[in-house]
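Here are a few exercises to work through with the model open on your screen. Try each task before you read its solution.

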Amino acid sequence: MKVAKFGGSSVANAEQFRKVANIVTADPERKFVVVSAPGKRFKEDTKMTDLLILLAKKVIEEDVYEGVLAQVVARYDEIVTDLGLPRDILDVISSNLQQIIDTYADQPERLMDALKASGEDNNAKLMAHYLRHLGHEAHYVNPKDAGIFVTDEPGNAQILPQSYEQIAKLKERSGILVIPGFFGYSLSGHVVTFPRGGSDITGSIIAAGVHATLYENFTDVDSIYCVNPSIVENPCQLRELTYREMRELSYAGFSVFHDEALQPVYKLGIPVCVKNTNNPDAPGTFIVATRDHRHQPVAGIASDTGFCSINISKYLMNREIGFGRRLLQILEDEGISYEHTPSGIDNMSVILREEQLAGDVERRVLERIEKELQVDEVSIERDLALIMVVGEGMERSVGIAAKATAAFARANINIEMINQGSSEVSMMFGVKADAVERAVRALYEVYF
Ligand SMILES: Nc1ncnc2c1ncn2[C@@H]1O[C@H](COP(=O)(O)OP(=O)(O)O)[C@@H](O)[C@H]1O
Ligand SMILES: N[C@@H](CC(=O)OP(=O)(O)O)C(=O)O
């Protein structure tokens, strides 16, 4: 049995719904279908989730929200009308949205999560309805009914391990089961969403729970490419990636698959296949436990912007036992997570996402570092981008770093920092954000 997850672009309008129905019904193994909320229909379009976030903000700020609510319903109306489904479904959707607004008007976090989740919830109801309309046995399954129980962290849920036992029972149900992605329920019964892009996580949870033979992740590209296709035109397609490579690449910027979505499946060795809804005959990319990396030690190059580096120097830092711990404790006290900590004998840098230093946080952190650690100097370097070169074969290949540094030199790009983890599956380069695309292209030239 397979789990097929369809991303927002795959369910953005009626034409996409038809493609999904064709794909699902073409293979009787595709029993579990996970859907996202409608995504963008064209480049400048707004994703349903973003529309729902705007709606929640308007309600929270006690602003006029009816116009945005009407836009949300209009998107479903377009799908219902084009598919020729009965219009009373739209009344159910409208009253469901109004009920969420009325119930949680004075609980902003709950309202935000419930409205965000409604995007996938209503879309899953529509998809099940459409499959039945075509004559197939299909059922909408609410995540509570499926057994998806999560931590109570609004917008940042994590699956609770006890969920899997109940999810396994889905196998006993008949027909195609359509499950909304992106959210679960806390043990106290509240809707809680995963981080953005989290429908991939739902698909993986269901795949692990039912011990699927394959988790198919349908999106809008033929495969995972070795670099982001918006940076390099027509880059090489990857046939296979390992779980470790994909985890590193998605964390570092390959937004095609959520970086937290591999955790449920990798322990069970369930393969993931990323495929194109618009071209389902293309073989796609398989994410598996091992691959033959002899001919291609580097699997991919990912990049992301929005980082900064807190640079600290103190003479004889190397003699001060506990310096690193006390520095990281300051960040922990502020709830800040960090990415890397490159260090020298008398200096240490902490690289983190810039947005975490918003408001008063930056001043507090810098003051505490100066006062409590008695440093000689502390400064912040902004507008950094991180580039991650990833590949299982890098560990056994000589000259990978040399190729990168030579490529940067030829392109006249200054490397702000270099870091390599002990697993040697990845190598990180920090550059100024305005040079990142040139840097990725330069690396692509030498590795592929
Ligand atoms: N290395 C990569 N390979 C393929 N796609 C990538 C890569 N990096 C970024 N992407 C982007 O990811 C997009 C698909 O992810 P997403 O927009 O989340 O799709 P969905 O709507 O199916 O959830 C692609 O259209 C592409 O622009
Ligand atoms: N709709 C949610 C969850 C999701 O996974 O969407 P998509 O499959 O379109 O990335 C979001 O936009 O974050």
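The exercises below cover two helix pairs and two ligands.

Before you start: this is a predicted model, where local features need pLDDT of at least 70, side-chain atom pairs count only at pLDDT 80 or more, and totals for chains, interfaces and linings use all residues. Residues are numbered from 1 along each chain as its sequence is written, chains are lettered from A and ligands numbered from 1 in the order written, and side-chain values use heavy atoms, with hydrogens and water left out.

**Exercise 1.** Work out how helix α3 packs on helix α5.

*Solution.* Start with the axes, which are lines fitted to C-alpha atoms over the stretch in contact, with angles from 0 to 180 degrees between N-to-C directions. Helices are DSSP runs (H or I, at least four residues), numbered from the N terminus. For α3 (residues 66–83) and α5 (residues 108–133), the angle is about 5 degrees and the axes are 12 Å apart. That makes α3 roughly parallel to α5, the label for angles under 35 degrees; over 145 is roughly antiparallel, 65 to 115 roughly perpendicular, and the rest oblique.

Next, list the contacts (heavy atoms within 4.5 Å). From α3 come Tyr-76, Ile-79, Val-80 and Leu-83, and their partners in α5 include Asn-122, Leu-126 and Tyr-130. Sorted by type, the contact has 6 nonpolar, 5 polar and no charged residues.

**Exercise 2.** Now do the same for α1 and α3.

*Solution.* The axes of α1 (residues 14–26) and α3 come within 8 Å and cross at roughly 60 degrees, so α1 is oblique to α3. Ala-14, Phe-17 and Arg-18 of α1 touch Ile-79, Asp-82 and Leu-83 of α3. The tally here is 4 nonpolar, no polar and 2 charged.

**Exercise 3.** Which polar contacts hold an oxygen atom of ligand 2 against Lys-5, Ser-36 and Ser-199?

*Solution.* Look for pairs of N or O atoms within 3.5 Å. The Lys-5 side chain puts an N or O atom 3.0 Å from a ligand 2 oxygen. For Ser-36, a polar side-chain atom sits 2.6 Å from a ligand oxygen, while Ser-199 uses a polar backbone atom at 2.9 Å. Finish with the area (Shrake-Rupley, 1.4 Å probe): ligand 2 alone exposes 340 Å², and the protein buries 90% of that.

**Exercise 4.** Find the ligand 1 atoms paired with Thr-219 and Tyr-225.

*Solution.* An oxygen atom of ligand 1 lies 2.7 Å from a side-chain N or O atom of Thr-219. A nitrogen atom of ligand 1 is 3.0 Å from a polar backbone atom of Tyr-225. Taken alone, ligand 1 exposes 570 Å², of which the protein buries 79%.

Conventions:
Helices (H or I, at least four residues) and strands (E, at least two) are DSSP runs, numbered from the N terminus. Ala, Val, Leu, Ile, Met, Phe, Trp, Tyr, Cys and Pro count as nonpolar, Asp, Glu, Lys and Arg as charged, and the others, Gly among them, as polar. A polar contact is a pair of N or O atoms within 3.5 Å; within protein, one must be able to donate a hydrogen and the other to accept it, and residues adjacent in sequence count only if both atoms are side-chain atoms.
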